[in-house]
Structure formats: C-alpha cells, structure tokens
Amino acid sequence: MSMDNILKTVLIIEDNPAQALALESLLIAEGLQVLWAPDGKTGVLKAQQLVPDVIVLSIETPEIEGFETCRRLKENVRTGGIPVVMLSVHDDAVTVAYGIDLGAVDFIPKDAFSGTVLLETLRQLQILPSTACVIEAL
Amino acid sequence: MQRRRGADSGAPFVEPMNATQTIVIRTEFDVFIARQHVRELARAAGLDLTNQACIALATSSLARALRLGEVYQGQVSIDCLHTRGNRGIRVICTALEGAKVHLSSRAFSHTRWLVDELSVERTPSSDVQATAVKWAVQRHVQTREFKPVESASQLEMQNDTNGHMPR
C-alpha cells in the first residue's frame, strides 16, 4: 500500500451507525481516512469544510434525503467535483436512473456484495491502488 | 455455453470475455449473484463505473420484472459484445414458463432508462426473455421507444439496428 493512500479521505453519509461502522472498518483496513456524517445536512457541511476525495452517500438519510444531498453537493463549487457513490437498499430502475442523473458516479445496492463492489469502485476511481499495483509493490 | 448454479457457485468469478456466463436463478440471492457477475464482466469489457452500475442494476430490475427467484425459475445469460470501435455487455434474463409475466409491465420501460437497447419477447415455449444491452460508448441514433413484443419476428424488427449484435 503506498503512502498516498493514507492521505485519501472518504466521507460516509449514512444514518445507520452499524452500517457506517461496517463501512468505516472496511475502508480503514484499506488505509483510507474516513469521516462520517449521520445525515445529509451534516454531510454537506463536512464535505464543504474538509473536501474529501470521495463521498459514499446512503440515499436513506434523515434531515435531507440522499438525492437532495447529492444535488446540493454537485451544485457547490467546492464539492461539485467530488465523486459521489450512492448506496441504497432501493435498487429499482427509477431510483438508480434518478441517482445517476443527479451526478452520482456509481450506484451500489446494499446487498451481500456491496463491500466488494465499493472497494472495486474506489480502485477504479484511483482512491485505492489497483490490484495490479499492489502486486507490483509486493 | 457454460452453466453455473448461482447460489452454489461460491465466490464471484470472471471468465474470458468471449465466454457466455449463465447463472441459474432459483432464489432472490441468485439474482444478486447474477448482478455481481454482470458488473464484473462490464468492468472487464471496459465500461465505465456508471455504465457498470446501469447494466448491473438493469439486470436485477429485469429479473424482478420477470419475478425470477420469486415466482418463476429461470436464468441470466451474460456475454460481451465486440463491434468496430465499441464493446458492450448483453444480458438475457429468461423466465421459464412465465405465463403470467406482463410484457407491458412498467418495470420494463423503466429499465429502458438504464440501458442502450432493450427488448422483451415471449417465446413459443411460453418462456419470457428480456434482453438488455449496454455499450461502453453510447451508439448514435437508437431513437425508437421500447415496445414489448409477442413474437420473435417483432423482436428482430426492434433489434434491427446495425446488425452487429452477435447471437
């Protein structure tokens, strides 16, 4: 794992503490710095203040629901360029299409594979090194 | 064509891009496995993250519209398409003897938003087959609206794009 990855920051916007903790553990194990916001309003503020490298946004959040949170993040000059990865228990076509239309770079359903998919997404976003790079480093 | 039992097959796998993967769907969990395989193949085919998400989630949307793993058993077949200057993923969801599947279901037309091509047909053996294609580079034109079809000939008319879709 290169030193660069230690500096990469992920903001998790997730109201469910258990799910947030699970995500946090997964990402910390990969050498990422993790921030957590329990609702959309706090998430937008933290994103503006700390400008993370990527935002993992659960759609089902209180205060401001996930779609509105995404819209606000994308409209803001400081946060508009940060990739937003949406997570949701809802995986119907309407929800997915709406999320992507709002500017989410990826939409990950909360299922048995969500952790695996998120890590692969972070690799493709170059937040994490690719598997090939890790092998090379070894 | 290689057949795999979804829930029994263990960890996700990726096979060479010219192989067709077929996942048998018996339970809802098999749909999740199929969706994961679609995502992995889409990545291998060079689709970007958003397109990977679209075709993967279109798969589960189609499976749900066909009530796979819930009412009907069936299968999801995935293969990579190669054309001049483009690559894509084709997913075929089949509900075996899906007599009560409504081809005009709104779920099918909603799924159309996620993919570049979509067709639904009822085969002579009463199976219902939904075929979705997502390209790495979105193709020109494709202005026709999604319409459910009841026969293979109608399906061919709908799919008569550039004639590059290998069967």
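Helices and strands here are DSSP runs, numbered from the N terminus, with a helix needing at least four residues and a strand at least two. Keep that in mind as we walk through this predicted model, since labels such as α3 and β3 will turn up a lot.

Let's start with chain A. Reading from the N terminus, you meet its elements in the order α-β-α-β-α-β-α-β-α-β-α-α, which comes to 7 helices and 5 strands. The chain has 138 residues, and 39% of them count as buried. Now look at contacts between residues at least 6 apart in the sequence of chain A: 59% of these join residues at least 24 apart.

Find the loop between α3 (40-50) and β3 (54-58) of chain A, and you'll spot V51(A) there. What is the sign of phi at V51(A)? It's positive, at about 40°, although V51(A) is not a glycine. How crowded are the surroundings? V51(A) has 13 other C-beta atoms within 10 Å, so this residue counts as partly exposed; the buried label would take 20 or more, and the exposed label 12 or fewer.

On to chain B. Its secondary structure is made of 4 helices and 6 strands, and along the sequence they follow the pattern β-β-α-α-β-β-α-β-β-α. There are 167 residues in chain B, and buried ones make up 46% of them. For contacts between residues at least 6 apart in chain B, 62% link residues at least 24 apart.

Chain B has a positive phi in a loop as well. Go to the stretch between α2 (49-65) and β3 (74-83) of chain B, where R67(B) sits. Phi of R67(B) is near 60°, a positive value in a residue other than glycine. With 17 other C-beta atoms within 10 Å, R67(B) is partly exposed.

Now let's bring the two chains together. Where do they touch? In total, 17 residues of chain A are in contact with 15 residues of chain B. On the chain A side, α5, β5 and α6 (114-124) each supply at least two of the touching residues. The largest share, 5 residues, comes from α5(A). Sorted by class, the side of chain A that touches chain B has 11 nonpolar, 2 polar and 4 charged residues.

That makes α5(A) a good place to zoom in. This helix covers residues 93-101, and its buried residues are A93(A), T95(A), V96(A), A97(A), G99(A) and I100(A). What do they pack against? Within chain A, the partners are α4 (66-75), β4 (84-88) and β5 (106-109), and from chain B, α2 and α3 (106-111) join in. Just after α5(A), G103(A) takes a positive phi of about 115°.

Finally, follow α5(A) across to α2(B). The two helices pack at an angle of about 170°, with their axes 10 Å apart. Angles over 145 degrees count as roughly antiparallel, so α5(A) is roughly antiparallel to α2(B). Which residues meet here? From α5(A) come A93(A), V96(A) and I100(A), and they meet T50(B), A53(B), C54(B), L57(B), A58(B) and S61(B) in α2(B). By class, this contact has 7 nonpolar and 2 polar residues, with no charged ones. Notice that A93(A), V96(A) and I100(A) were also on the list of buried residues in α5(A).

Note on methods
Residues are numbered from 1 along each chain as its sequence is written. Chains are lettered from A and ligands numbered from 1 in the order in which they are written. This is a predicted model: local features need pLDDT of at least 70, side-chain atom pairs count only at pLDDT 80 or more; totals for chains, interfaces and linings use all residues. Two residues are in contact if their C-beta atoms, placed from the backbone, lie within 7 Å. Ala, Val, Leu, Ile, Met, Phe, Trp, Tyr, Cys and Pro count as nonpolar, Asp, Glu, Lys and Arg as charged, and the others, Gly among them, as polar. Axes are lines fitted to C-alpha atoms, for helices over the stretch in contact, and angles run from 0 to 180 degrees between N-to-C directions. Angles under 35 degrees count as roughly parallel, over 145 as roughly antiparallel, 65 to 115 as roughly perpendicular and the rest as oblique.
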